[in-house]
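User: I'd like to learn how to read a fold from the inside out. Can you walk me through this one?

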Amino acid sequence: MIVPDEIYRSKRKTLSISVDATGRLIIRAPLRCSEARITAFIEKKSEWIRTRQERARKIKDLLPKKELNGFQFSFLGQLCKIEKTSEKRMRFDATQNVLYLPSASDENLIVRWLKKYAKEFFSQSTFAWASKMNASYKAVGVSSARKRWGSCSANNTLRFSFRLIYAPKDIIDYVVVHELAHTFHKNHGKFFWARVKKYCPDWKIKRKWLKDHGYLMEIF
């Protein structure tokens with residue numbers, strides 16, 4: 001039996017359920033809602049609850065601890081290790097996949113570096129794929145989005161969450177192709193997916209990978 005961590009009652013009319021980033025189960029219920037009704041509701045949503053709590057556990061294991069030295073995270077699909085040094089500047093060894101961090105630095109410096117690296121990487125990837133797809137776009141930018149990997153505006157400005165840099169290169173390629181396809185079709189209709197499939201035949205597999213690894217967006 002799943003037991004909620006918190007039950008909040010208010011003058012609402014419906015029951016709602018949520019699992020926060022730490023895995024805590026929170027129920028919001030009407031003032032006169034019975035315990036039996038709440039228990040039945042939890043049982044009905046039990047599979048969803050367990051899935052979300054498992055995701056929360058994965059996130060917790062992947063999140064950096066207070067001490068960053070030795071922490072490893074996914075970078076272009078490979079493990080990248082952080083090593084603190086006496087050096088004054090951050091340095092990335094692409095051969096060893098080691099990010100050397102000045103001893104007094106914190107996560108903010110890492111995020112700034114990731115955004116800069118991601119902007120350059122996504123810009124190059126978008127340019128290459130746009131040439132293959134005969135697509136045109138206005139600009140490429142990065143965001144700090146945690147719910148969306150990429151987007152295409154009405155004027156064809158493409159934006160990618162810098163956190164996409166955690167994913168393998170072929171997954172990044174799919175997201176780039178997806179957003180470039182939106183420069184032709186501002187929807188997810190059959191013509192849009194036909195264009196995506198032309199350049200990324202296994203797009204369904206890659207889309208599922210992104211769904212299954214959404215917890216990566218919580219790192220840094």
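User: Where do I start with the largest nonpolar core, and which residues touch the most other members?

Analyst: This is a predicted model, so treat everything here as a reading of computed coordinates. A nonpolar core is a set of buried nonpolar residues joined through side-chain atoms within 4.5 Å. Here the largest one has 52 residues, and F73, L114 and F220 touch the most other members.

User: Which elements give two or more residues to this core?

Analyst: Strands 4, 5, 7 (98-102) and 10 (157-161) do, along with helix 3 (107-133), helix 4, helix 5 and helix 6 (203-212). Helix 3 gives the most, ten residues. Try clicking on L114: leaving aside neighbours within four places in sequence, L114 is in contact with F73, F75, F162, I165, Y166 and F220. Apart from this core lies another one, of twelve residues, and I2, L15, V19 and C33 are among them.

User: How do I read two packed helices?

Analyst: Two packed helices are described by the angle between their axes and the distance between the axes. Take helix 4 (residues 169-181) and helix 5 (residues 190-199): their axes come within 9 Å and cross at roughly 140°. The crossing is right-handed.

User: Which residues of helix 4 and helix 5 make the contact?

Analyst: Helix 4 brings Y174, V177, H178 and A181, while helix 5 brings F192, W193, R195, V196 and Y199. Sorted by class, that gives seven nonpolar residues, one polar and one charged.

User: On to sheets. What is the order of the open sheet of three strands?

Analyst: In general, side chains in a regular strand alternate between the two faces of the sheet. For strand order, you read across the sheet rather than along the chain. In this case the order is 1-3-2, with mixed pairing. Strand 1 (6-10) and strand 2 (16-19) stand at the edges with a single partner strand each, so one side of each has no neighbour in the sheet. From one strand to the next, the twist averages 20°.

User: How many bridges join strand 1 to strand 3?

Analyst: Five, and strand 1 and strand 3 (residues 25-30) run parallel. To find the register, look for Y8, whose bridge partner in strand 3 is R28. Helix 2 (residues 46-62) packs on this sheet, touching strand 2 and strand 3, and its direction makes about 25° with that of strand 2.

User: And hairpins? How many residues lie between strand 4 and strand 5?

Analyst: For a hairpin, check the pairing, then the turn. Strand 4 (residues 72-75) and strand 5 (residues 78-85) are antiparallel, with four bridges. F75 has Q78 as its bridge partner in strand 5. Two residues lie between the strands, and L76 in the turn has a positive phi of about 55°.

User: What partners does strand 10 have?

Analyst: Strand 8 (residues 139-143) pairs with strand 10 in the parallel sense over five bridges, while strand 9 (residues 150-152) runs antiparallel to strand 10, with three bridges. F160 is a handy marker: F160 is the bridge partner of V142, and G150 also stands opposite F160. Strand 9 and strand 10 form a hairpin with four residues between them, and N156 in that turn has a positive phi of about 70°.

User: Zooming out, how many helices and strands are in the chain?

Analyst: Six helices and ten strands. The C-alpha trace spans about 60 × 55 × 30 Å along its principal axes, and 42% of the 220 residues count as buried.

Methods. Residues numbered from 1 in each chain as written. Predicted model: local features only at pLDDT ≥ 70, side-chain atom pairs only at ≥ 80, totals over all residues. Heavy atoms only, no water. Pairing = 2+ DSSP bridges. Axes fitted to C-alpha atoms, helices over the stretch in contact; angles between N-to-C directions. Contact = heavy atoms within 4.5 Å. Left-handed = near helix turned anticlockwise from the far one by under 90°. Nonpolar A, V, L, I, M, F, W, Y, C, P; charged D, E, K, R; others polar. Buried < 20%, exposed > 50% of the residue type's maximum accessible area, 1.4 Å probe, protein only.
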